[in-house]
Amino acid sequence: MRGVGEIEVGGPSGEQEREPRPSDSLRTFGAVVQALREHAGLSREELGTRVRYSKHTVESVELGRRMPDEAFVRRAEEVLGNTGALCKAARHLTRGEAGFAAWFRRWARLEREAAGLCTYECRLVPGLLQSRSYARAVFEGTIPLRTDEELEAQFAARMERQTMMRERPTVPFGFIVEEHVFRRRFGDADAMRESFDHVLELTTPRNVTLQVVPLEGGLHACLDGPVQILETDEGSRLAYSEGQENGRLISGPKEVSVLCRRYDTLRSQALNPKESRALLERLRGEL
């Protein structure tokens, strides 16, 4: 989701992308992880295998580009000697989250550990599916205007946020997006084609589902606005909704249940995944 609340340095995407000017605490924590790893005689790939993360994630943590989640810290602690140093140091980490609105930060952390994530979007291509040119266009149109440095920070984080989709191939990601979102023009025809190609590529894996709500689909129960719903490892569900200059984490069981029912109903009304891909391919061909 682009989230107005996700003034992203985005949220995870492209592992190769750097999070600009990582905080001192992240750099220090990463240096400690690297020192303990090397002392244990492990390569980044070997440590990644043992903590069940990619070697690219290990590299990003060691270089201070990524905030390690609780699972990474806990597993790395166990693999690297159980000294307690990593767990204690992790309590003092600050991201320097220049790209996240304050109201989005907690959701971003929960999102990376979710057992499943569903997204409904009616404004923009969801942040997790945005191409490079689309993301840049979104950030450059933001008001108030931001400096070039801030825009680069937002772009890097948006791309970094997307890595979780590639790194978590067994986690289900579901997207329901209004057709008009994909029809909205930006840039030139090449930029539009890039956007379609990127969405089609990211939604190809078996764990990712994209459904489009067609223009002729009429009114439906999710018209109050975009929403995200995640399931935790414990089986509980949380939701997140966002509007102008604000976002809200929803944890009340009754509220979340209502949102889940709305999403499930819309899923039955939207085009199925095969039809949705065919529609995007047709729109791409019309450019």
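In this predicted model, the buried residues of helix α1 pack against four other helices, namely α2 (44–51), α3 (55–62), α4 (70–79) and α5 (85–90). The residues of α1 that are buried are S25, L26, F29, G30, V33 and R37. They cover an arc of only 130 degrees around the axis, which means that they lie on the same side of α1. The face turned away from this buried side carries the exposed residues D24 and H39. The length of α1 can be checked as well: its 16 residues, 24–39, should span 22 Å at 1.5 Å a residue, and because the C-alpha atoms at its ends are 22 Å apart, the expected and computed values agree. Just after α1 comes G41, which takes a positive phi of about 75 degrees.

The aromatic side chains offer another way through the fold. A pair of aromatic rings is described by the distance of the centres and the angle of the planes. The structure holds four aromatic pairs. In one of them, Y53 and F72, the ring centres are 5.5 Å apart and the planes stand at 75 degrees, so this pair is edge-to-face. The pair links distant parts of the chain, since Y53 belongs to the loop between α2 and α3 whereas F72 belongs to helix α4, 19 residues apart. F72 counts as buried because its relative accessibility is 1%.

A further pair is formed by Y134 and F186, whose ring centres are 4.9 Å apart and whose planes are at 75 degrees, so that this pair, too, is edge-to-face. Y134 lies in helix α7 (residues 132–140), while F186 lies in the loop between α10 (179–183) and α11 (189–202), and the pair therefore ties together parts that are 52 residues apart in sequence. Both Y134 and F186 are buried.

From the rings one can pass to the charged residues by way of R136, which lies over the face of F155, at 3.9 Å from the ring centre. Side chains of opposite charge can pair when their charged atoms come close. The structure holds 16 salt bridges, and R136 takes part in one of them with E152, where the closest N and O atoms are 2.8 Å apart. Because R136 lies in helix α7 and E152 in helix α8 (residues 148–159), this pair ties together parts that are 16 residues apart in sequence. R136 counts as partly exposed at 30% relative accessibility, and E152 is partly exposed with a relative accessible area of 39%.

The salt bridge between E179 and R183, with its closest N and O atoms 2.7 Å apart, is placed within one helix. These two residues are four residues apart in helix α10, so about one helical turn separates E179 from R183. E179 counts as buried, at 4% relative accessibility, whereas R183 counts as partly exposed, at 35%.

Another salt bridge joins E255 to R248, the closest N and O atoms being 3.3 Å apart. Here E255 counts as partly exposed at 39% relative accessibility, and R248 is partly exposed with a relative accessible area of 42%. Salt bridges that share partners also join R37, E38, R44, E59 and E62 into one network. This brings the reader back to α1, since R37 is one of its buried residues.

Technical notes. Residues numbered from 1 in each chain as written. Predicted model: local features only at pLDDT ≥ 70, side-chain atom pairs only at ≥ 80, totals over all residues. Heavy atoms only, no water. Expected span 1.5 Å × (residues − 1). Buried < 20%, exposed > 50% of the residue type's maximum accessible area, 1.4 Å probe, protein only. Arc of directions from axis to C-beta. Contact = heavy atoms within 4.5 Å. Phe/Tyr/Trp six-rings, centres within 6.5 Å; stacked < 30°, edge-to-face > 60°. Lys NZ or Arg CZ within 6 Å of the ring centre and 35° of its normal. Salt bridge = Lys/Arg side-chain N within 4 Å of Asp/Glu carboxyl O.
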